[in-house]
Amino acid sequence: MLTTMAPHQTIPGTDIYGPGTFIDKEVLPVPVDARRVFEYLASSTPGFTQDRAAWDTVRFTGGSEPMIPGPIKAPVVAAALHAMCGLVANELLELRDGRPVHESTVAVDTDHAGLWLGSTFTTYINGEDVSTLARSNTLASLFDRDFEQGFGKGLAGRATAIYQTKDPNVWYQLHGSLDATRTLQSMGIPTDVKFDTMQEYYEYIQSHVIQWSPDELEMHNVRHGLCGSICYSPEGWRKTSMGQRLAAHPLVNYTCATYAAPTPPVPLPHNPADRRPLAGIKVLEMVRIIAGPTIGVTLASYGADVIRVNCSKLADLNVLQLTLNAGKRTIDLDISNPEDKTRLLDLLAEADIFVQGFRPGSLARQGLDLNSMLERAATRNKGIIYLDENCYGPDGAFAERPGWQQIGDAASGTSYVMGRAQAPETLPAGYSVLPPLPVSDMTTGLVGALAAMMAVRDRTTRGGSYHSVSSLVAADAVALDPEVGLYPPAVVGHTAQRFGFVPATPDQFVSEIMIQVLDGWKRGFPASVYGQEGSRFMTVFEDGPWGRQTLLKPVARLGDAEASPRWSSPSVPNCYHRKDIHWL
């Protein structure tokens, strides 16, 4: 029996969450809402099956109430996207094994999907969870090599924060990226200062930023190639030319490169020892931080052989290795070195999927841009799937601007909405705070993985090469879509009370807010859901590089348990394996 969802109704939220917001008229239980959003995203995604009988093989379970601070339904959107991945996985199994999609199932627990948004901090190492290790200052001792290179210490720890500008109604997301000194000094802010508290560092930077207008900050960052964004309202962003350009593209944005030389269909590999749908698919990953690695770690859970390329000269965040390298192998290559560049090209010669998160110009200079890769695919007569992960999407004036999660949050209107949700009657106009978890990063990675799986399916049946762009701003904007809706203030207040969530503030870095959310989950959830290693959503690797490691399981569960996503190996450090490793 095919499902039919009742029409979704919202009311304008201008007076509550700001211009361009829409509040649910009726609040649905979270699994029911996830089903509704799944149908909305499925129906609006080009290339996704429109067979409603196939949609009906998807089932959502979980607690009925929201689980994160604020009005934004990030767990609902994540659950819907995980379900879409699961359904494409079953399509791949049908192509490879012949079992019809209609005879398969996909199950998604919405609590699990919500926990997944914070999964970079939910792992346990030898019985201690990351948030505990972070507070005890023992986290750094886990890493033999410091990829952070001083990131986040002292003044740099508040170079990434939200500041009030000369216009008191407009706040700005400053971002120190991985070189805060460069950012601050470019603005004329002396960096040779020492304070006793992080609040003093924030106030020091605020005293300088407030001398700048929002437009002056924007032009400064464009001129210097730096990260940053005005904290727009949702309506404000949609009215910008860049917002309109991005909105012209679907969230799951992948296309067949029909202008490239044609290549034949590529049958899916068959490995009797591994029934996961992507077993035998080769993925080469050149990424940093969260969004890009989330693409690869998701594909690895579905069976892909993922080799992650890092350069040990480049900064990254140490803690992310603990979760985002699950199921992968990692190597150290410096592509400015001719020998390492040759090794990279050797791996690419056999790769099915190339994931990259660097600015387009830098890769073009190395012959790793889309067109160069399409030429190589034609030479080998086997199509490639090229995945770009960026901030602003595939085209438009901002397409080549750098960006992080916080930039997506600011530009899309997410930070503005989160600030308004705190106490609009007592806080300054435009007051903005980060969302409670790295939502845009995680969602961008999931969208990229979904696009890759759809492209693998299409390459199997039609041949050709494919290009996908997964955008941080787009990942944020979808949760502000009128068809998704926001929770009303009463629900937001009840959720905060249930978990004991405390309000976020503009000075906080995302990890500081995350730890507060995880503490709330420990208070509000039964231990069987979250708060102990034995939670039903966790999986254990007894002998990893860091010892005994417990990871959050992949979210989607397929009806065929042997084909269901899982990792075949624990996380490993960046640059862990020998350079001469080969594809499995």
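## A first look at this structure

Both K328 and E285 are buried, and this pair is a good place to start. Welcome to a predicted model, which is best explored one topic at a time. The stops below are the salt bridges, the nonpolar cores, one helix with two contrasting sides, two buried residues and a small sheet.

**Salt bridges**

- Side chains of opposite charge can pair when their charged atoms come close.
- This structure contains 36 salt bridges.
- Back to the opening pair: the side chains of K328 and E285 form a salt bridge, with 2.7 Å from N to O. K328 sits in strand β13 and E285 in strand β11 (residues 282–286), so their pairing ties together parts of the chain that are 43 residues apart in sequence.
- A network also appears, in which R96, D97, R275, D560 and E562 are joined by salt bridges that share partners.
- Strand β13 (residues 328–332) also holds D332. The side chain of D332 meets that of R145 in a salt bridge of 3.8 Å, N to O. R145 belongs to the loop between α6 (130–135) and β7 (161–164), so this pair links distant parts of the chain, 187 residues apart.
- Are the two partners buried or exposed? D332 counts as buried because its relative accessibility is 18%, under the 20% cut-off. R145, at 39%, counts as partly exposed.
- A more local example joins K239 and E235, whose side chains make a salt bridge of 3.6 Å, N to O. The two are 4 residues apart in helix α10, which means that about one helical turn separates them. K239 is exposed at 59% relative accessibility, while E235 is partly exposed at 34%.

**Nonpolar cores**

- The largest nonpolar core has 162 residues, and the members that touch the most others are F38, L299, I353 and W521.
- Helix α4 (residues 74–97) supplies the largest share of this core, namely 15 residues.
- What surrounds W521? Apart from neighbours within four places in sequence, W521 is in contact with M67, I68, G114, L115, L437, F499, F501 and Y530.
- A second core stands separate, with 24 residues that include L284, M286, I335 and L370.

**Helix α9 and its two sides**

- In helix α9 (residues 214–224), the buried residues are P214, L217, E218, H220 and N221. Because these residues span an arc of only 165° around the axis, they lie on the same side of α9.
- As background, an α-helix has 3.6 residues a turn, so residues three or four places apart point the same way.
- The other side of α9 carries D215 and R223, which are exposed.
- Which elements cover the buried residues of α9? Among them are β8 (171–174), α7 (180–186), α8 (198–209) and β9.
- Just after α9 comes G225, with a positive phi of about 70°.

**Two buried residues to find**

- S233 is located in the loop between β9 (228–230) and α10 (234–239). With a relative accessible area of 12%, S233 is buried.
- A polar atom of the S233 side chain lies 2.9 Å from the backbone nitrogen of G236.
- Leaving out residues up to four places away in sequence, S233 touches P19, S412, G413 and Y416.
- G419 belongs to helix α18 (residues 414–420), and its relative accessibility of 2% makes it buried.
- G419 touches L427, Y431, S432 and V433, again not counting residues up to four places away in sequence.
- How far apart are G419 and A504 in sequence and in space? They are 85 residues apart along the chain and 8.4 Å apart from C-alpha to C-alpha.

**A four-stranded sheet**

- Strands of a sheet pair through backbone hydrogen bonds, either parallel or antiparallel.
- Here, 4 strands make an open sheet with antiparallel pairing, in the order β6-β5-β18-β17.
- Which strands lie at the edges? They are β6 (128–129) and β17 (538–544), each of which pairs on one side only.
- Strand β5 (residues 124–125) is joined to β6 over 2 bridges in the antiparallel sense. For I125, the bridge partner in β6 is E128.

Notes:
Residues are numbered from 1 along each chain as its sequence is written. This is a predicted model: local features need pLDDT of at least 70, side-chain atom pairs count only at pLDDT 80 or more; totals for chains, interfaces and linings use all residues. Side-chain values use heavy atoms; hydrogens and water are left out. A nonpolar core is a set of buried Ala, Val, Leu, Ile, Met, Phe, Trp, Tyr and Cys residues joined through side-chain atoms within 4.5 Å. Buried means under 20% relative accessible area, exposed over 50%, partly exposed in between (1.4 Å probe, protein chains only). Contact means heavy atoms within 4.5 Å. A polar contact is a pair of N or O atoms within 3.5 Å; within protein, one must be able to donate a hydrogen and the other to accept it, and residues adjacent in sequence count only if both atoms are side-chain atoms. A salt bridge is a side-chain nitrogen of Lys or Arg within 4 Å of a carboxyl oxygen of Asp or Glu. The arc is that of the directions from the helix axis to the C-beta atoms. Two strands pair if DSSP finds at least two bridges between them.
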